[in-house]
Amino acid sequence: MLPTPHRRAAAACAALAAAGALVLAGLPGSASAQTDPAASPFPSPAESAAVGKTSPGVLKAMQRDLGLTSAQAKARLVNEAEAGADAGALRNALGGSFAGAWVHGATSQKLTVATTDAAEVPVIEARGANAEVVRHSVARLDAAKARLDRAAKKTATRDAPVWYVDVRSNAVVVRAVKAAAATSLVSAAGVDSSLVRVQETRERPRPLYDLVGGDPYYMGGGRCSIGFSVTKGAQQGFATAGHCGRAGTATTGYNRVAQGTFQASIFPGRDMAWVATNSQWTATPYVKGPGGQRVGVGGSTQSPVGASICRSGSTTGWHCGTISQHNTSVTYPEGTISGVTRTTVCAEPGDSGGSYISGSQAQGVTSGGSGNCRSGGTTFHQPINPLLQQFGLTLRTTGGGDPGPGPGEPEPGGTWAAGKVYAAGDSVTYGGATYRCLQPHQAQQGWEPPSTPALWEAA
């Protein structure tokens, strides 16, 4: 049985101790909290996320920005790892009545799962989560947002620059400087107004062109950040924001030495790109943390709404916050981008393209935002998994240098493939059995479905 919120908190210390003993950092494991590591051959989700190996710099930044003690920061990461697996299992169990999931509480000790069917409440509660009955399913809200996305291609959205599915309020929220702009967008999309909530804002998000997440890189007169190291076959490189450069743009590194060339870039629409580097540069599974220390990247398992997240930028250093919404659309002066994640992490010019990470799991690269790190702000990041999938890239992780079979290359006797990006609900076969994905991630060797019940469940 999946753990209840209070069981998650009680298991935190034991899970942290077990996670510290892991050999394969970032290996997603069992969806059940294990207070006794010897009780199961599989690691718990806290172990799988390598919570015990999370950089001290990340924990300190969480303490500073989220107002936590050291113990609370560690417990929060454990609870969020457990909740991600629980939410994935419930999403698959509820099917069309699933209406979203989020964590809350100082240590993310509470998981709430929403449903449109009151008969599903016992199912949710039996798995240890709080249940909330709402009017609209996630599928219906996502469909409404997709209509807004299509309408935005022909409708001016500069005065209604941000819209997203907010599972906590069970609505599609449109943040508008002028209410009339929101009304115009909703009308053009033909979306039922009962699905939409207009929220007044003064924010006018913009790309953060002069930003650096880990080390800076330069192109012409501009400067941006390395997001995460990647490979494509034998070619090394890094992921970054699309607004930083176009295909063919040459880059130099932090030392102004010739570095590489943009291979592909998408902006607007999305905000993603990757740079292939020359033989002088080596891709490493780290991002630059506070004080220049290295923070290891164990994988790319997407964290749930409400989870903690930290950002690295050369202008403002390390800052942490929480995930507000996934699947957000935002309009910049250059156009609208969709599918980004909205967070409470602050950023300032000079932080673009930089790394967003939850514990040891890569989340995305800095796109844009509003506000600053003195008075607070909002930022948006391009999720890493769609970027990897779009360009056929493999994330460089601390699990080892060999990423295994390339994306889309299945293991013998099944459809599961290391290097392939999977979304929640995807089905694969492995060893003659069928499995369904619980949490979005890029598969790695050692993360086979039978040994990673935090990521896969038997169908």
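Tyr217, Phe238 and Phe262 come together as one aromatic cluster, a convenient place to start a tour of this predicted model. Across the whole structure, the search returns 6 aromatic pairs. One of these is formed by Tyr254 and Trp281, whose rings meet edge-to-face, with 6.0 Å from centre to centre and 85° between the planes. The two residues belong to distant parts of the chain, 27 residues apart. Tyr254 sits in the loop between strand S12 (250–252) and strand S13 (258–266), while Trp281 sits in the loop between strand S14 (272–277) and strand S15 (286–288). Their surroundings are worth a look too: Tyr254 is partly exposed, at a relative accessible area of 48%, whereas Trp281 is buried, at 17%.

Trp416 and Tyr430 make up another edge-to-face pair, as their ring centres are 5.9 Å apart and their planes stand at 90°. Trp416 is located in the loop between strand S23 (394–395) and strand S24 (421–422), and Tyr430 in strand S25, so this pair ties together parts that are 14 residues apart in sequence. Here Trp416 is buried, because its relative accessibility is 0% and the cut-off for burial is under 20%. Tyr430, by contrast, is partly exposed, with a relative accessible area of 23%. An aromatic ring also features in a contact with a charge: the charged end of Arg256 sits over the ring of Tyr218, at 3.5 Å from the ring centre.

Strand S25, the home of Tyr430, leads on to the next feature, an open sheet of 3 strands. The strand order is S25-S26-S28, and the pairing is antiparallel. Strand S25 (427–430) and strand S28 (456–458) are the edge strands, each pairing on one side only. From one strand to the next, the twist averages 40°. In general, the strands of a sheet pair through backbone hydrogen bonds, in either a parallel or an antiparallel manner. In this sheet, strand S26 (residues 433–437) and S28 run antiparallel and are joined by 3 bridges. For a concrete example, Tyr435 has Ala458 in S28 as its bridge partner.

Turning to the helices, which residues of helix H7 (residues 179–189) are buried? They are Ala181, Ala182, Leu185, Val186 and Ala189. These residues cover an arc of only 130° around the axis, which puts them on the same side of H7. The face turned away from that buried side carries the exposed residues Ala179, Ala180, Thr183 and Ser187. On the buried side, the packing partners are helix H6 (138–152) together with three strands, namely S4 (162–166), S5 (171–176) and S6 (196–200). Just after H7 comes Gly190, with a positive phi of about 70°.

A final stop is Thr54, in the loop between helix H2 (45–48) and helix H3 (56–66). Is this loop residue buried or exposed? Thr54 is buried, with a relative accessible area of 7%. Once its neighbours within four places in sequence are set aside, Thr54 is in contact with Leu59, Leu77 and Gly359.

Methods. Residues numbered from 1 in each chain as written. Predicted model: local features only at pLDDT ≥ 70, side-chain atom pairs only at ≥ 80, totals over all residues. Heavy atoms only, no water. Buried < 20%, exposed > 50% of the residue type's maximum accessible area, 1.4 Å probe, protein only. Helix = DSSP H or I, 4+ residues; strand = E, 2+ residues; numbered from the N terminus. Arc of directions from axis to C-beta. Contact = heavy atoms within 4.5 Å. Pairing = 2+ DSSP bridges. Axes fitted to C-alpha atoms, helices over the stretch in contact; angles between N-to-C directions. Phe/Tyr/Trp six-rings, centres within 6.5 Å; stacked < 30°, edge-to-face > 60°. Lys NZ or Arg CZ within 6 Å of the ring centre and 35° of its normal.
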